[in-house]
Amino acid sequence: MSVNNKRVFYVKYLAHPIYAEMLAARPDVRLDRIENETPEEVFAPILASAHAYQIGAARDELAPHFHAHAELLKRAPNLLIVSSNGAGFDPVDVEACTAAGVLVVNQSGGNAHSVAEHALGMMLTLSKRIIEADRALRRDPNVNRNALIGTEAQGKTIGIVGLGNVGRRIAELCKGLLGMKVLAYDPYLSAAEMATRGGEKVELDEVLRRSDYVSINCPLTKESRGMIGAREFALMQPHAYFITTARGFIHDEAALYDALRDKRIAGAGLDVWAKEPPPPDHPLLQFDNVLASPHTAGVTREARINMGRIAAEQMLGALDGKRPPRIINPEVWPAYARRFERAFGFAPG
């Protein structure tokens, strides 16, 4: 077996050290680490020789010149695979990768339990107005508990936008624990498939109109960018809560601010932002009925280990010529296969 003839690099961090440990066990694989501040004379030769890039999933934690866009791809002519650390892949220009014959994969499902639990926690905290009560107790000497009356989630309706790994887990929790009705919008799944995942297939407007809670759980794509704006918030019921553990830019933050200011919805649980982390003076952070976290829904010990492990397994399998199970751009496979064979002397299966 050749030593270090398969080159992988990453910038700044991995999901978990288990990824590096698993790759280190393979003498034919070399793993290089780059920092955001690494000088060009150091990182340029790494890019030039790399076959794979294990890229961070959070766009603001990665220096712009290390995003997987057309310019970086020009500097990495041997690159075959871009693998996101997470389920999301914001720093990756999928179209540019496809045009260059580069396969893009993610780790979808690896943190589904963690994200679903976070969304459920936000839902219950908002319903019971726990965060509002906590803040009131910390600043007011005589809190009127009757001013903090909450609502039960039991038997209510949750609308899930995106019934993938996370969305289906939320559906399972809400139905099983709380007897909730689950409406779901996902244009990529049939009604029959959505039923097996626990949701009734409806259009987005119906989700917004009928739900007591709206949970966003779809990836950020050209189609979903800006999907929830002023028009959509206006469709929601005044007692409804908006929760997102997906990606920033799917919802319009200014429109959400207006909806909360005008009391057109009851509150919001926000784990994702246009700028991450958001500044402390962000307008949405000034509302007591906004529950906020800095994109930590999937950041648990269990999820990090799982994400690191499945990322390593998928990467090593791909470098061994296997077809990865979590491909974002399957249409690139013929071009990728030709480039892979030129690089390693055999065709991937």
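**Exercise 1. Identify the buried residues of helix α13, name elements that cover them, and check the length of the helix**.

*Solution.* Step 1. The buried residues of α13 are W333, Y336, A337, R339, F340 and F344. The model is a predicted one, and burial here means under 20% relative accessible area.

Step 2. An α-helix has 3.6 residues a turn, so residues three or four places apart point the same way.

Step 3. The cover over the buried residues of α13 includes the strands β1 (6-11), β4 (81-84) and β5 (103-105), together with helix α12 (301-319).

Step 4. The helix comprises twelve residues, 333-344; because the expected rise is 1.5 Å a residue, the span should be 16 Å, and the end C-alpha atoms are indeed 16 Å apart. The expected span takes 1.5 Å times one less than the number of residues.

Step 5. After α13 comes G345, with a positive phi near 85°.

**Exercise 2. Describe the open sheet of seven strands: what is its order, and which strands are at the edges?**

*Solution.* Step 1. The strand order is β8-β7-β6-β9-β10-β11-β12, and the pairing is parallel.

Step 2. β8 (200-201) and β12 (290-292) are the edge strands, since each of them pairs on one side only.

Step 3. At the β12 edge, β11 and β12 run parallel and are joined by three bridges. L270 stands opposite A292 in β12.

Step 4. Helix α7 (residues 165-178) lies across β6 (157-161), β7 and β9, and its direction makes an angle of about 170° with β6.

**Exercise 3. Analyse the largest nonpolar core: which members touch the most others, and which elements contribute two or more residues?**

*Solution.* Step 1. The core has 30 residues, of which V161, I216, F242 and L256 touch the most other members.

Step 2. Two or more residues come from each of β7 (181-185), α9 (204-210), β9 (213-216), α11 (253-261) and β11 (267-270). The greatest contribution is that of α11, with four residues.

Step 3. Beyond its neighbours within four places in sequence, L256 is in contact with F233, F242, H251, I265, A268, L270 and L284.

Step 4. Another core lies apart from this one; it has 29 residues, including M123, I131, V166 and I243.

**Exercise 4. State what UniProt places at residues 120-297, and give the helix and strand content of that range**.

*Solution.* Step 1. The unreviewed UniProt entry gives the feature "domain: D-isomer specific 2-hydroxyacid dehydrogenase NAD-binding" for residues 120-297.

Step 2. In the model, this range is 34% helix and 15% strand.

Step 3. The end C-alpha atoms of residues 120-297 are 10 Å apart.

Terms used:
Residues are numbered from 1 along each chain as its sequence is written. This is a predicted model: local features need pLDDT of at least 70, side-chain atom pairs count only at pLDDT 80 or more; totals for chains, interfaces and linings use all residues. Side-chain values use heavy atoms; hydrogens and water are left out. Buried means under 20% relative accessible area, exposed over 50%, partly exposed in between (1.4 Å probe, protein chains only). Contact means heavy atoms within 4.5 Å. UniProt positions are given in the numbering used here, feature names are shortened, and annotations may be inferred rather than shown by experiment. A nonpolar core is a set of buried Ala, Val, Leu, Ile, Met, Phe, Trp, Tyr and Cys residues joined through side-chain atoms within 4.5 Å. Two strands pair if DSSP finds at least two bridges between them. Axes are lines fitted to C-alpha atoms, for helices over the stretch in contact, and angles run from 0 to 180 degrees between N-to-C directions.
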